[in-house]
Number of protein chains: 2
Amino acid sequence: MQLYCYAVRMPRIVDHEERRQQIVFALWLVIAEQGIEGVSLRHVAAEAGVSMGRIQHYFGTKEALVLAGCTALVDSAYGGYLETADAAPRDRLLHVVSQQIPRDDGGRVGVSVWYAYVAKSINHTAVRQVLAEARRGAEEECVRLIRADRGAGAEDPAALDRARRLLALADGLTLRVLVRDLEPDEAVAMLEAEVDRI
Amino acid sequence: MQLYCYAVRMPRIVDHEERRQQIVFALWLVIAEQGIEGVSLRHVAAEAGVSMGRIQHYFGTKEALVLAGCTALVDSAYGGYLETADAAPRDRLLHVVSQQIPRDDGGRVGVSVWYAYVAKSINHTAVRQVLAEARRGAEEECVRLIRADRGAGAEDPAALDRARRLLALADGLTLRVLVRDLEPDEAVAMLEAEVDRI
DNA sequence: CGTTTTGCAATACGATCGCATCGTAACAGG
DNA sequence: CCTGTTACGATGCGATCGTATTGCAAAACG
């Protein structure tokens with residue numbers, strides 16, 4: 001029992017975090033292909049090309065694995081946002097609301113997984129909390145960006161309303177694109193128009 | 001093999017449709033409480049207070065039961081819309097987009113089930129087709145209502161765009177209310193404002 | 001060298017699953 | 001009455017599930 005096992009002794013050196021991410025990525029693929037119902041330790045292990053024992057070793061339980069996949073998804077989206085730090089507020093705002101629109105198969109995987117977690121969040125407390133926090137963060141960030149874009153101070157009470165409408169619209173449009181009722185370009189164009197109306 | 005078994009002979013008279021609806025209702029409850037993952041023939045049977053054999057008799061397979069639950073949900077929503085036939089176009093439009101906002105526990109069950117099916121539709125072809133048809137119907141109806149409300153003829157090209165934005169916004173807001181990030185009243189107010197802006 | 005700790009792979013177990021099968025009670029028609 | 005059909009309830013089966021357990025190879029430490 002020490003602060004970090006890395007600091008004192010570490011037999012059999014492996015990159016803990018890399019192993020975890022590799023498994024989480026396989027989890028995402030399974031969810032995207034078969035939905036969250038299709039997630040079993042055996043399926044994920046097969047997709048990742050590792051043994052079930054490894055997954056147990058790194059995540060302990062299926063529950064923990066699924067939850068780790070959720071937080072990893074949120075972290076990944078947040079990381080993508082941080083990369084836009086140099087852009088103008090208006091462009092950053094557009095990124096936040098349109099980043100989830102699936103433009104290719106890769107994006108489709110990501111947003112499929114995201115929607116799977118959204119549905120799970122209805123009945124699963126821990127997932128709901130993770131998504132709720134992410135949503136709150138996105139909302140606050142949108143409010144900040146809207147105010148920055150308009151050059152207004154913190155006294156703009158309509159910004160929250162605009163942010164909410166923008167984010168809700170983005171969610172609805174994302175769903176349409178996901179089920180192929182709408183083309184990605186059309187969705188992005190509608191979001192762009194909505195952003196510029198602010 | 002005859003047109004309707006009712007017409008010629010029917011030993012052991014039971015109301016076929018009533019039995020099916022009773023089971024479907026139990027299915028909805030299970031989905032609302034435990035998500036679609038929690039659906040098993042045994043759980044649904046227990047919730048309905050019937051035997052597994054009965055469910056098999058009326059639906060044959062789990063797959064068929066789940067799909068029947070989906071079409072029943074769509075039909076139920078459509079039935080609710082038909083009851084607004086006497087109202088003004090603007091009010092009917094508001095009904096279409098705000099009917100899904102959960103105001104009480106009953107509404108919450110319905111929309112939980114609806115979102116569960118939405119997530120399933122990503123990976124399930126038959127469910128996707130049912131929901132796609134319903135969405136198309138809703139979109140066309142919204143376009144009609146918008147044109148009727150503005151007194152415009154069929155020459156209004158912006159109506160489709162408005163309908164799409166309205167429906168997408170409704171979906172996004174519904175989700176917020178469902179996960180308790182937003183109050184039902186706020187969501188309805190936002191939709192009302194959006195309807196009146198048209 | 002040996003000891004200890006980590007990083008797994010393999011397997012075993014009990015629970016739960018969808019579904020097929022079988023038996024039977026209830027009723028209609030002859 | 002008898003026969004045929006429907007409407008189930010009950011049960012069993014093989015597959016799959018999550019997880020606990022066991023065992024061992026590899027590497028760090030002394």
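The chat below goes through contacts, salt bridges, aromatic pairs and cysteines in a predicted model.

Trainee: Let's start with the interface. How much area do chain B and chain A bury between them?

Mentor: About 3200 Å², and 57% of that is on carbon and sulfur atoms. Keep in mind that the model is predicted.

Trainee: How many residues does the contact take from each chain?

Mentor: Chain A gives 38 residues and chain B gives 38 residues.

Trainee: How many salt bridges across that interface?

Mentor: The count between chain B and chain A is nine. One contact between the chains is a salt bridge from Glu37(B) to Lys120(A), with N to O at 2.8 Å. As for polar contacts across the interface, eight residue pairs turn up, with both residues at pLDDT 80 or more.

Trainee: Which helices of chain B supply at least two residues of the side that touches chain A?

Mentor: Helix 2 (16-34), helix 7 (105-121), helix 8 (125-150), helix 9 (158-178) and helix 10 (184-197) of chain B each do. Helix 9 of chain B has the largest share of that side, with 12 residues.

Trainee: Back to salt bridges. How many over all chains?

Mentor: The count is 23. One of them joins Arg90(A) to Asp196(A), with the closest N and O atoms 2.9 Å apart. That pair links distant parts of the chain, since Arg90(A) is in helix 6 (residues 89-98) of chain A and Asp196(A) is in helix 10 (residues 184-197) of chain A, 106 residues apart.

Trainee: And Asp196(A), is that buried or partly exposed?

Mentor: Asp196(A) is partly exposed, at a relative accessible area of 47%.

Trainee: What does Arg197(A) form a salt bridge with?

Mentor: Glu194(A) is a partner, and the closest N and O atoms of the two are 3.2 Å apart. Arg197(A) and Glu194(A) are three residues apart in helix 10 of chain A, so about one helical turn separates them.

Trainee: How do the two compare in accessibility, buried or partly exposed?

Mentor: Arg197(A) is partly exposed at 45% relative accessibility, whereas Glu194(A) is buried at 6%.

Trainee: Now chain B. What is the distance between the closest N and O atoms of Arg165(B) and Glu194(B)?

Mentor: They are 3.5 Å apart, and the pair forms a salt bridge. Arg165(B) sits in helix 9 of chain B and Glu194(B) in helix 10 of chain B, so the bridge ties together parts 29 residues apart in sequence. Both Arg165(B) and Glu194(B) are buried.

Trainee: Which residues are linked with those two in a network of salt bridges?

Mentor: Arg165(B) and Glu194(B) are in a network with Arg197(B), Arg165(A), Glu194(A) and Arg197(A).

Trainee: Changing topic: how many aromatic pairs over all chains?

Mentor: Four, from a search of the whole structure. Among them, Trp114(A) and Tyr115(A) are edge-to-face, 5.0 Å centre to centre with 80 degrees between the planes. In chain B, Trp114(B) and Tyr115(B) also form an edge-to-face pair, with 5.0 Å between centres and 80 degrees between planes.

Trainee: Are those rings buried or exposed?

Mentor: Trp114(A) is buried, with a relative accessible area of 18%. Tyr115(A) is buried too, at 2% relative accessibility. Both Trp114(B) and Tyr115(B) are buried as well.

Trainee: What about Thr174(A), which helix is that in?

Mentor: Thr174(A) lies in helix 9 (residues 158-178) of chain A. The relative accessibility of Thr174(A) is 0%, so Thr174(A) counts as buried.

Trainee: What is Thr174(A) in contact with, leaving aside neighbours within four places in sequence?

Mentor: Thr174(A) touches Gln100(A), Ile101(A), Pro102(A), Val111(A) and Tyr115(A). That last residue is the Tyr115(A) that pairs with Trp114(A).

Trainee: Last one. How many disulfides over all chains?

Mentor: The count is zero.

Trainee: Why is Cys70(A) too far for a bond?

Mentor: Because the closest cysteine sulfur, in Cys142(A), is 19 Å from the sulfur of Cys70(A). A disulfide would need the sulfur atoms within 2.5 Å. Cys142(A) is in no disulfide either, with the sulfur of Cys70(A) as its nearest cysteine sulfur.

Trainee: And are they buried or exposed?

Mentor: Cys70(A) is buried at 1% relative accessibility, and Cys142(A) is buried at 0%.

Definitions and conventions
Residues numbered from 1 in each chain as written. Chains lettered and ligands numbered in written order. Predicted model: local features only at pLDDT ≥ 70, side-chain atom pairs only at ≥ 80, totals over all residues. Heavy atoms only, no water. Phe/Tyr/Trp six-rings, centres within 6.5 Å; stacked < 30°, edge-to-face > 60°. Buried < 20%, exposed > 50% of the residue type's maximum accessible area, 1.4 Å probe, protein only. Contact = heavy atoms within 4.5 Å. Buried area = accessible area lost by both parts, 1.4 Å probe. Salt bridge = Lys/Arg side-chain N within 4 Å of Asp/Glu carboxyl O. Polar contact = N/O pair within 3.5 Å; in protein donor to acceptor, adjacent residues only side chain to side chain. Helix = DSSP H or I, 4+ residues; strand = E, 2+ residues; numbered from the N terminus.
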